[in-house]
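Visitor: I'm new here and would like to learn how to read a structure like this one. Could you walk me through it, feature by feature?

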Amino acid sequence: GAFYAFPNITNTGINSKELEEMILNKTGVATIAGTSFGTYGEGFLRFSYAANTERILEALNRIKKLIG
């Protein structure tokens with residue numbers, strides 16, 4: 001099974017597809033743009049958090065360094 005978060009990323013000023021690609025290319029953390037689920041998904045990213053706490057915190061720290 002998997003668990004997901006679907007946070008609102010509109011405060012970044014970056015659309016969901018661009019942010020998905022930026023996070024992957026610059027941090028190695030995979031996300032899914034909300035627009036992958038339809039046009040109403042713009043402004044959101046989907047994160048799977050079916051990993052141990054240490055790996056989740058590492059991913060979040062990488063993203064935080066990128067977008068502050």
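Guide: Happy to. Let's begin with naming: helices and strands are DSSP runs, numbered from the N terminus. Keep in mind that this is a predicted model. Helix α1, for instance, covers residues 16-27, and S16 lies in it.

Visitor: Is S16 buried or exposed?

Guide: The cut-off for buried is under 20% relative accessible area. S16 has a relative accessible area of 0%, so it is buried. You can also look at what surrounds it: leaving aside neighbours within four places in sequence, S16 is in contact with I9, A33, G34, T35, G41, E42, G43, F44 and L45.

Visitor: What about L24, in the same helix, α1?

Guide: L24 comes out as partly exposed, with a relative accessible area of 43%. Not counting residues up to four places away in sequence, L24 touches V29 and A30. Try a distance too: from L24 to G38 you go 14 residues along the sequence, and the two C-alpha atoms are 21 Å apart in space.

Visitor: How many salt bridges does the structure hold?

Guide: Two. Here's the general idea first: an α-helix has 3.6 residues a turn, so residues three or four places apart point the same way. Now the cases. E20 pairs with K17, and their closest N and O atoms are 3.2 Å apart. These two sit three residues apart in α1, which means about one helical turn separates them. E20 is buried at 13% relative accessibility, whereas K17 is partly exposed at 39%.

Visitor: And which residues make the other salt bridge?

Guide: E58 and R62, whose side chains meet at 3.0 Å, N to O. They are four residues apart in helix α2 (residues 53-67), so again about one helical turn lies between them. Both count as partly exposed, E58 at 40% relative accessibility and R62 at 35%.

Visitor: How long should α2 be?

Guide: Count 1.5 Å a residue: the 15 residues of α2 should span 21 Å, and its end C-alpha atoms are 21 Å apart, so the two agree. Have a look at its ends as well. At the start of α2, a side-chain oxygen of N52 comes within 3.1 Å of the backbone nitrogen of E54. Just after α2, G68 has a positive phi of about 60°.

Visitor: Which residues form the largest nonpolar core?

Guide: For a core, you look for buried nonpolar residues joined through side-chain atoms. The largest one here has seven: I9, L19, I23, V29, L45, F47 and I63. Helix α1 and strand β3 (45-48) are the elements that give two or more residues to this core. Take V29 as an example: beyond its neighbours within four places in sequence, V29 is in contact with I23, L24, A59, R62 and I63.

Visitor: Last one: how many aromatic pairs are there?

Guide: Three. One of them is F6 with F37, an edge-to-face pair at 6.0 Å centre to centre, with 75° between the planes. This pair links distant parts of the chain, 31 residues apart: F6 is in the loop between β1 (4-5) and α1, and F37 is in the loop between β2 (32-33) and β3. F6 is partly exposed at 38% relative accessible area, and F37 is partly exposed at 48%. Add F44, and F6, F37 and F44 form one aromatic cluster.

Terms used
Residues numbered from 1 in each chain as written. Predicted model: local features only at pLDDT ≥ 70, side-chain atom pairs only at ≥ 80, totals over all residues. Heavy atoms only, no water. Buried < 20%, exposed > 50% of the residue type's maximum accessible area, 1.4 Å probe, protein only. Contact = heavy atoms within 4.5 Å. Salt bridge = Lys/Arg side-chain N within 4 Å of Asp/Glu carboxyl O. Core = buried A, V, L, I, M, F, W, Y, C linked by side-chain atoms within 4.5 Å. Expected span 1.5 Å × (residues − 1). Polar contact = N/O pair within 3.5 Å; in protein donor to acceptor, adjacent residues only side chain to side chain. Phe/Tyr/Trp six-rings, centres within 6.5 Å; stacked < 30°, edge-to-face > 60°.
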